[in-house]
Amino acid sequence: MEEKKIICPHCKQKLNKWSVPSFNFSDGLGWCTPFLYVCFNDDCKFFRNSWKQMDEVYGQKMGYRYMLHPDSGESSSIPAGHRDAMKGDIIDEIQESREAHELEERKKAFQLLTDYFINKDVDSILAVLLDENAFGSVRLKAAEHLGEIGDLRAIEPMANCKFSHEVIQKKVNEAITKIHKKNFTMECPYCAEIIKIRATICRRCGKELTAKTE
Ligand SMILES: [Zn+2]
Ligand SMILES: [Zn+2]
């Protein structure tokens, strides 16, 4: 069904998406849908007349709102005990489309990262990791990838960056350790130069290195 055409035939106002609560109404319809289209216009003829009718015919203070099933396109009505009943479950469509957009963007970012990984494009993966505006989950994956395919050149940029996300920082530290292990290197505890793990004297600062057990 096309979104734009979803209007109330009684008042011509756009129907709202309304999330169906988990309990069933007494009619036991079992809508089998996460949402229904409902007219929440309080001035809608259908809604106003339903109050009058319920009062006159049954002596009940309640009304009905116009409702449309999103899958079958069948229209029906839904009981409303008072004006504001059910309004708390109106789906915020602006928020919803924002979330859908973000999901799409995140998918794209992950796809791009996977391409970098397949092509062993370490520089591009590094760029993703260091991008403060990138999705956290994507940066986390980038750190993981760097641990797998990163070389010694990747260590400096990673070590020089302070990551505000604790989880990312942890993953980055793991990646650095992994790269060192593969290359039989370590960081000089005095000057942070990358040196061979077998070195007894740092080639940069000249400090003597006591053998570490690790
Ligand atoms: Zn209406
Ligand atoms: Zn040193």
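## Strand pairing and a buried alanine

Strands S3 (residues 63–68) and S4 run antiparallel to each other and are joined by six bridges. Within that pairing, Met67 sits across from Ser76 of S4. Keep in mind that this is a predicted model.

Zooming out a little, the two strands belong to an open sheet of four strands, ordered S1-S2-S3-S4 with antiparallel pairing. Strands S1 and S4 take the edges with a single partner strand each, so one side of each has no neighbour in the sheet. On average, neighbouring strands here are turned by 45° against each other, direction ignored.

Here are the residue ranges of the strands at the edges:

| Edge strand | Residues |
|---|---|
| Strand S1 | residues 16–19 |
| Strand S4 | residues 75–80 |

Now for a closer look at one residue of S4, namely Ala80. Is Ala80 buried or exposed? Ala80 counts as buried, because it has 20 C-beta neighbours inside 10 Å, and 20 or more is what it takes to be called buried. Leaving aside residues up to four places away in sequence, Ala80 touches Met62, Gly63, Tyr64, Arg65, Ala85 and Met86. Take Met62 from that list: Met62 and Ala80 are 18 residues apart along the chain, yet their C-alpha atoms are separated by 6.1 Å.

As for the overall layout, the protein splits into domain 1, covering 3–89, and domain 2, covering 101–183. How far apart do the C-alpha centres of domain 1 and domain 2 lie? The distance between those two centres is 49 Å.

Conventions: Residues are numbered from 1 along each chain as its sequence is written. Chains are lettered from A and ligands numbered from 1 in the order in which they are written. This is a predicted model: local features need pLDDT of at least 70, side-chain atom pairs count only at pLDDT 80 or more; totals for chains, interfaces and linings use all residues. Domain bounds come from an automatic or database domain assignment. Two strands pair if DSSP finds at least two bridges between them. Axes are lines fitted to C-alpha atoms, for helices over the stretch in contact, and angles run from 0 to 180 degrees between N-to-C directions. A residue is buried if 20 or more other C-beta atoms lie within 10 Å of its own, exposed if 12 or fewer, and partly exposed in between; C-beta atoms are placed from the backbone. Two residues are in contact if their C-beta atoms, placed from the backbone, lie within 7 Å.
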